[in-house]
Amino acid sequence: MKYPKIRELGEAVKALIKGPYTSPFPKEPHVPHPNFRGQPKFDAEKCVGCLACEEVCPVGAIDHKDVIDDGSNPKRVMIHYTDTCIFCGECEAACIADHEGIKQSNDWELSFFDRKEESYETIEKDLQLCEICGAVVACKDHLNWIAERIGELTYSSPTLYLSRLKSLGVVDENLVAAAQDRGRSDRVKILCARCRRQTTLTTKD
Ligand code: SF4
Ligand code: SF4
């Protein structure tokens, strides 16, 4: 017969006096350690919709859907599948928004009744579409994020400086919409790469 070691006896006596080390869940709600790295959560204010987290997630727990409809209110829906996530923290580590766009929380409770309806969380970000063809350029917050990072270099790109000026409310939308020839008149617009190339190569005046 193997006798318990002194350390194990000490632990047993401590547990008798202090109570068990494990929490009485589910009788009482479990309170995890403050440093516990649980389910990541999007922060709709801080996330800029860049998709870096989606790129690095090793299990495909992050996805997005671009909802354009009639183009009047285009949105990017960022989706986090809580049933697929392995809490590895790669998304938070890669997040360009100072690691605040998605952050691991203390949330560990993942049980739900309806997997199809309850196993994911979403946030929405405003999308910027190309002002000629309507293709997705990027999220508006992402364009502003780039403009803030590169400072005066922003003014070398009409897409960036117009996005910045629009966010400040100093662009006349009527002037922007007036010209549509896919040539030089269209160059000072927010454009996708394909239309930017067309307006650069076309020499209509
Ligand atoms: S914690 Fe890991 S698995 Fe979960 S969403 Fe982030 S990168 Fe993906
Ligand atoms: S800002 Fe952060 S959370 Fe938002 S899409 Fe980019 S990497 Fe993901």
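The following exercises, with worked solutions, concern the cavities, ligands, largest pocket and helix 8 of a predicted model.

Residues are numbered from 1 along each chain as its sequence is written, and chains are lettered from A and ligands numbered from 1 in the order in which they are written. In this predicted model, local features need pLDDT of at least 70, side-chain atom pairs count only at pLDDT 80 or more, and totals for chains, interfaces and linings use all residues, while side-chain values use heavy atoms and leave out hydrogens and water.

**Exercise 1.** Determine how many cavities of 30 Å³ or more the structure holds, and which ligand sits in the largest cavity.

*Solution.*
1. A cavity is a set of points, on a 1 Å grid over the protein atoms alone, where a 1.4 Å probe fits but cannot get out; lining residues have an atom within 4 Å of a point.
2. There are 2 cavities of 30 Å³ or more, and the largest encloses about 80 Å³.
3. Its lining comprises 15 residues, of which Cys-47, Cys-50, Cys-53, Cys-95 and Gly-101 are closest to the centre.
4. Ligand 2 sits in this cavity (more than half of its atoms lie within 2 Å of the grid points).
5. Around ligand 2 are 13 residues, the closest being Cys-47, Val-48, Cys-50, Cys-53 and Cys-95.

**Exercise 2.** Locate ligand 1 and describe its surroundings.

*Solution.*
1. Ligand 1 occupies the second largest cavity, with a volume of about 70 Å³.
2. Among the 13 lining residues, Cys-57, Ala-61, Cys-85, Cys-88 and Cys-91 are closest to the centre of that cavity.
3. The shell of ligand 1 contains 14 residues, with Cys-57, Cys-85, Cys-88, Gly-89 and Cys-91 the closest.
4. By class, this shell has 11 nonpolar, 2 polar and 1 charged residues.

**Exercise 3.** Identify which strand gives the most to the lining of the largest pocket.

*Solution.*
1. A pocket is an open set of points with protein on both sides within 12 Å along at least five of seven lines.
2. The largest one holds about 180 Å³, and its lining includes Asp-70, Asn-73, Asp-126 and Lys-140.
3. Strand 5 (residues 120-129) gives the most, with 4 residues.

**Exercise 4.** Establish which residues of helix 8 are buried and why they line one face.

*Solution.*
1. Buried means under 20% relative accessible area and exposed over 50%, with a 1.4 Å probe and protein chains only.
2. In helix 8 (residues 193-201), Cys-195, Arg-196 and Thr-199 are buried.
3. Viewed down the helix axis, the buried residues of helix 8 fall within an arc of 105°, so they line one face.
4. Ala-193, Arg-194 and Leu-201 are exposed on the other side of helix 8.

Methods: Points joined across faces, edges and corners; volume = space filled by probe spheres on them. Helix = DSSP H or I, 4+ residues; strand = E, 2+ residues; numbered from the N terminus. Near = heavy atom within 4 Å. Nonpolar A, V, L, I, M, F, W, Y, C, P; charged D, E, K, R; others polar. Arc of directions from axis to C-beta.
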